[in-house]
Amino acid sequence: MDSGNVRVAVRVRCVLEHEQDEELCLTQADKAIQLYNWKSPTDTLKFRFDACYNEEASQKEIFMGEVKPLLDLPLKGFNATCFAYGPTGAGKTFTMQGTKQHPGIIPRSIKHMFQLVNRRTKDTQQFTVSMSFLEIYQEKVYDLLEPKDHDLTILQDASGSIVVPDLAEVPIQSVKDFEATYNSGLEQRATHSTALNAHSSRSHAVLTIKVQSRACKNGEWNARVGKLHLIDLAGSEDNRKTGNVGDRMKESTAINKSLFALNQVVDAINRKQARIPYRESKLTRFLQEALGGNSVAKILTCLGPTKNMYFNTYHALNFASKSRQVVNKPFEARTTRVNAAGKAQPTPAASTSSGPIV
Ligand code: ADP
Ligand code: MG
């Protein structure tokens, strides 16, 4: 596995009941998404990713393809992070959390991690698992497991490690332990939601599973710590363009700031830049150790296929795409130029479509 790199995959969900009459605005082929081009309806915009999943992809398939390969890293003392990114309504929570009938990445990951822990535990190797669950809303960090009456501070300790001094770390010994603790965190999040309209689509929820491992070699015990972060990001729609005012505008600015910072960090890591701008937002600051270095990160970009979500989809694709955006001209039948005597003439070099058009 390519450590230090950030992989971006796309998942296009099915057409929902209330969208049955909507036209589609994108298609998926292999590792690319083709989107209708509103600026030039005869063109399509093509975006390439590391992997693309269409509506037929099951929760299991996404988990197996994108997340399962990361799960033994925390047991070996490395960090792994998986983000769900995309517009509100595109399937982020469905992908991360899922439903009872269709469990998503979070419950599948926990189940698999405990299987790994149980399989690898022996007299000379032991593991301790704990979890924390926080929410970042308007650039403030809130503990969802042990709510406080203030937001939390992110600090860097003397050894350079990122610490959140008041963040609860709850020990868990089984999937059942996890479920009870996680559900209490979700309830806490839901409490915020009723107080603030659409709160959950405007905040980032960060679940962290910490694995401490101790191994004995030649009579000496050594300890290591690795973390898995599973993150349901705030909706990626460009809130600045929706005429938000007052509190909504403040929320939008905070969302855009942290998602923009995430994008800058991902770009800097993939370009192997010396300076990675972690300090630009709370989200990237908290994840400083989990992004870059020996860590592995995945971004799952969730999209809806219909035209009613077009501009949010367009915005998300532009934002998520690490590959060059290309404009695809529709196929045109070639004609041969002939001179008066019917002899073939050289055709002028085909004009290549220019690069990004936005
Ligand atoms: P988000 O968290 O991005 O705002 P949700 O996960 O809440 O979006 O999804 C919006 C709606 O679409 C929900 O009703 C959800 O059940 C449904 N949905 C999302 N993805 C899928 C999918 N892959 N298959 C079936 N239904 C889905
Ligand atoms: Mg959601």
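Here is a short tour of a predicted model, stop by stop, with something to select at each one.

**Stop 1: the ligand**

Start with ligand 1 and show what lies around it. The shell holds 13 residues, and the closest are Arg-13, Gly-91, Lys-92, Thr-93 and Phe-94. Color the shell by residue type and you should get five nonpolar, six polar and two charged residues. Which helix gives the largest share of this shell? Select residues 92-96: that is helix H2, and it supplies three of the shell residues.

**Stop 2: the run leading into H2**

Now select Gly-86, Pro-87, Thr-88, Gly-89, Ala-90, Gly-91, Lys-92 and Thr-93. UniProt lists these residues under "binding site", in an unreviewed entry. Gly-91, Lys-92 and Thr-93 are also among the residues closest to ligand 1.

Zoom in on Ala-90, which sits in the loop between strand S6 (80-85) and H2. Is Ala-90 buried or exposed? Ala-90 counts as buried because 26 other C-beta atoms lie within 10 Å, and the cut-off for buried is 20 or more. To see what it meets from elsewhere in the sequence, show Arg-13, Cys-302, Leu-303 and Gly-304: Ala-90 is in contact with each of them, leaving aside neighbours within four places in sequence.

Step along to Gly-91, in the loop between S6 and H2. Gly-91 is buried too, with 23 other C-beta atoms within 10 Å. Not counting residues up to four places away in sequence, Gly-91 touches Arg-11, Arg-13 and Cys-302. So keep Arg-13 and Cys-302 on screen, since they turn up in the contacts of Ala-90 and again in those of Gly-91.

**Stop 3: a hairpin**

Next, select residues 26-36. Strand S2 (residues 26-29) and strand S3 (residues 32-36) run antiparallel here, joined by four bridges. For one pairing to look at, pick Leu-26: its bridge partner in S3 is Leu-35. Then go to the turn, where two residues lie between the strands of the hairpin. Asp-30 is in that turn, and its phi is positive, at about 50 degrees.

**Stop 4: out to Ala-158**

Finish with Ala-158, in the loop between strand S9 (155-156) and strand S10 (162-163). What is its setting, buried or exposed? Ala-158 is exposed, because 5 other C-beta atoms lie within 10 Å and exposed means 12 or fewer. For a last distance, draw a line from Ala-158 to Gln-97, C-alpha to C-alpha: the two are 36 Å apart in space and 61 residues apart in sequence.

Key. Residues are numbered from 1 along each chain as its sequence is written. Chains are lettered from A and ligands numbered from 1 in the order in which they are written. This is a predicted model: local features need pLDDT of at least 70, side-chain atom pairs count only at pLDDT 80 or more; totals for chains, interfaces and linings use all residues. A residue is near a molecule or strand if its C-beta atom, placed from the backbone, lies within 6 Å of it. Ala, Val, Leu, Ile, Met, Phe, Trp, Tyr, Cys and Pro count as nonpolar, Asp, Glu, Lys and Arg as charged, and the others, Gly among them, as polar. Two strands pair if DSSP finds at least two bridges between them. UniProt positions are given in the numbering used here, feature names are shortened, and annotations may be inferred rather than shown by experiment. Two residues are in contact if their C-beta atoms, placed from the backbone, lie within 7 Å.
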